[in-house]
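Here are a few short exercises to work through with the model open beside you. Try each task before reading its solution.

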Amino acid sequence: MKAIILAGGKSSRMGQDKASMILGGKTVLQHIIDNLSFVFDEIFISGNHSNYPISKGIIKDVTTQKGPMGGIRSALEFCQEDIFVCSCDMPFVSSDLIENILQKKVEYRINVVRFGEKIYPVLGIYPFSILNDLKKTIENGNLRMTSFLEQQNAHYIDFEDSFEHQLLNINTPQNFKTAEKIIKSKLK
């Protein structure tokens, strides 16, 4: 299984490219690459930027402006196998969390993280077998990830409070300040 970092978004709420922001001396994206590399041999970045750090390579979107669904579709087509996905704005996802997801997965189903009532469609496993359904859903213009997960009878992997900080999405300047506090507390 290959790991895919979804980095094709516009970062509109942040006002700048989230993946390239410096957090604790390295980019948010580099934190994610480092964490994924403890578990996966091959890590690709799905997105249309070419200035990202070295990984296995960049997977360009097959169709642009389709959000995470478009990135997952492009990655599945490129890899031709099941993929592990992580959003480019989740720098604290640890190898323990990743291993936990892999151990709890249900074969041949989408497996994504859930914490309380919040579902994380951009953190989990997408089987190659869903590619055709995903293409049809995108063609029909339904880009809501949660709707697609319901339609596909996704398996939700629940996590308790001890994992909460690892699920922080850095979408806004306030989220970034929270991330900086987490990094500083880790360095003490």
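## Exercise 1: a charged pair in a helix

In this predicted model, Arg73 and Glu77 form a salt bridge whose closest N and O atoms are 3.0 Å apart.

**Task.** Find where Arg73 and Glu77 lie, and state how many residues apart they are.

**Solution.**
- Step 1: both residues belong to helix H2, four residues apart, or about one turn of the helix.
- Step 2: check the distance against the cut-off, which is 4 Å from a side-chain nitrogen of Lys or Arg to a carboxyl oxygen of Asp or Glu. The closest N and O atoms of Arg73 and Glu77, 3.0 Å apart, satisfy it.
- Step 3: look at the surroundings. Arg73 counts as buried at 11% relative accessibility, while Glu77 is partly exposed at 23%.

## Exercise 2: Glu77 once more

**Task.** Which lysine forms a salt bridge with Glu77?

**Solution.**
- Step 1: Lys135 does, with its closest N and O atoms 3.4 Å apart.
- Step 2: this pair links distant parts of the chain, as Lys135 sits in helix H4 (residues 131-139) and Glu77 in helix H2, 58 residues apart.
- Step 3: Lys135 is partly exposed, with a relative accessible area of 23%.

As background, side chains of opposite charge can pair when their charged atoms come close.

## Exercise 3: the wider set of salt bridges

**Task.** How many salt bridges does a search of the whole structure find?

**Solution.**
- Step 1: the search finds eight.
- Step 2: one of the pairs is Lys105 with Glu107, at 3.3 Å from N to O. Lys105 is partly exposed at 29% relative accessible area, and Glu107 is partly exposed at 44%.
- Step 3: a network of salt bridges links Lys2, Glu42 and Glu81.

## Exercise 4: the length of helix H2

**Task.** What span should the 13 residues of H2 have at 1.5 Å a residue?

**Solution.**
- Step 1: the expected span is 1.5 Å times one less than the number of residues. For H2 (residues 67-79) that gives 18 Å.
- Step 2: the end C-alpha atoms of H2 are 19 Å apart, which agrees.
- Step 3: list what is covered. The buried residues of H2 include Met69, Ile72, Leu76 and Cys79.
- Step 4: move past the end of the helix, where Gln80 takes a positive phi of about 60°.

## Exercise 5: the cysteines

**Task.** Why is Cys79 in no bond with Cys86?

**Solution.**
- Step 1: a disulfide needs two cysteine sulfur atoms within 2.5 Å.
- Step 2: the closest cysteine sulfur to that of Cys79 is in Cys86, 15 Å away, so it is too far for a bond.
- Step 3: Cys88 is in no disulfide either, as its nearest cysteine sulfur, that of Cys86, is 8.8 Å away. The structure as a whole holds zero disulfides.
- Step 4: compare exposure. Cys79 is buried at 8% relative accessible area, and Cys88 is buried at 7%.

## Exercise 6: the neighbours of strand E7

**Task.** In which sense does E7 run with E8, and in which sense does E7 pair with E9?

**Solution.**
- Step 1: E7 (residues 111-115) and E8 (residues 118-126) run antiparallel, joined by five bridges. Val112 stands opposite Gly124 in E8.
- Step 2: the hairpin of E7 and E8 has two residues between the strands, and Gly116 takes a positive phi near 65° there.
- Step 3: E7 and E9 (residues 155-158) pair in the parallel sense over four bridges. Arg114 stands opposite Asp158 in E9.
- Step 4: E7 is mostly covered, with four of its five residues buried.

Conventions:
Residues are numbered from 1 along each chain as its sequence is written. This is a predicted model: local features need pLDDT of at least 70, side-chain atom pairs count only at pLDDT 80 or more; totals for chains, interfaces and linings use all residues. Side-chain values use heavy atoms; hydrogens and water are left out. Buried means under 20% relative accessible area, exposed over 50%, partly exposed in between (1.4 Å probe, protein chains only). Two strands pair if DSSP finds at least two bridges between them.
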